[in-house]
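Me: Got a minute to go through this one with me? I'll paste it in and fire off questions as they come.

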Amino acid sequence: MHDSTAAIPGWDPADPLVVKATWSAVRRRGRWTPVPFIEAFPKGSNIELNFLEAPTDVPTIEVEVRPGMGGLLIVVPDSWGVNTDRLTAGWGSIRSHAAAAARPGSPLIAVSGSMGLGTFRSRGPNRFDRKRLAR
């Protein structure tokens, strides 16, 4: 851990960045700084973690999902990977359209936990994302 990141949530597994959606959707999109440890809690609404404009040199981003009734969407660049081997569906569902392994030099997002009643989806950029990025 870097000294400058010691007080910032997400750089220590004991202090993850907590993204919680209770009644309103939560979106991390645009330019933001991904951290190695994220806890996603789609309690009653949806969470979007969009990494298309979030450059990072972190090799692995661990996303722990806490069960709820909302959905979790992870959007990654084509070279990134999203591994869901340690994620359980509960009563919800898991659909991953992103590669399970990252290309060399690109980050891997390792997802674990349980979806509860919610839906997990991961994908690469779609045409709407590409259009937004081209602006």
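Me: Where does Met-69 lie?
Reply: Met-69 sits in the loop between β5 (60-65) and β6 (72-75). Strands here are DSSP runs of E with at least two residues, numbered from the N terminus. Bear in mind that this is a predicted model, where local features need pLDDT of at least 70, side-chain atom pairs count only at pLDDT 80 or more, and totals for chains, interfaces and linings use all residues. Residues are numbered from 1 along each chain as its sequence is written, and side-chain values use heavy atoms, with hydrogens and water left out.

Me: Is Met-69 buried or exposed?
Reply: Exposed, with a relative accessible area of 59%. The cut-offs are under 20% for buried and over 50% for exposed, with partly exposed in between (1.4 Å probe, protein chains only).

Me: And which residues form a nonpolar patch with Met-69?
Reply: Trp-91 and Leu-117 join Met-69 in that surface patch, and together they have about 460 Å² of accessible area. Patch residues need over 30% relative accessible area and no salt bridge, and nonpolar side chains (Val, Leu, Ile, Met, Phe, Trp, Tyr) are joined within 5 Å, like charges within 9 Å. A salt bridge means a side-chain nitrogen of Lys or Arg within 4 Å of a carboxyl oxygen of Asp or Glu. The areas are Shrake-Rupley values with a 1.4 Å probe, and for residues only the protein chains shown count as cover.

Me: OK, switching to the sheet. What's the strand order?
Reply: β1-β3-β5-β9-β7, five strands in an open sheet with parallel pairing. Strands pair if DSSP finds at least two bridges between them. β1 (17-20) and β7 (81-88) are the edges: each has a single partner strand, so one side of each has no neighbour in the sheet.

Me: How many bridges between β1 and β3?
Reply: Four, in the parallel sense, with β3 covering residues 37-41. Val-19 has Ala-40 in β3 as its bridge partner.

Me: Now aromatics. How many pairs are there?
Reply: Two in the whole structure. Trp-32 and Phe-51 have ring centres 5.1 Å apart and planes at 40°, so that pair is tilted. Rings of Phe, Tyr and Trp (its six-membered ring) pair with centres within 6.5 Å; planes under 30 degrees apart are stacked, over 60 edge-to-face, the rest tilted.

Me: Is Phe-51 buried or exposed?
Reply: Buried, at 1% relative accessible area. Phe-51 also forms a tilted pair with Trp-80, 5.3 Å centre to centre and 40° between the planes. Ring pairs thus link Trp-32, Phe-51 and Trp-80 into a cluster.
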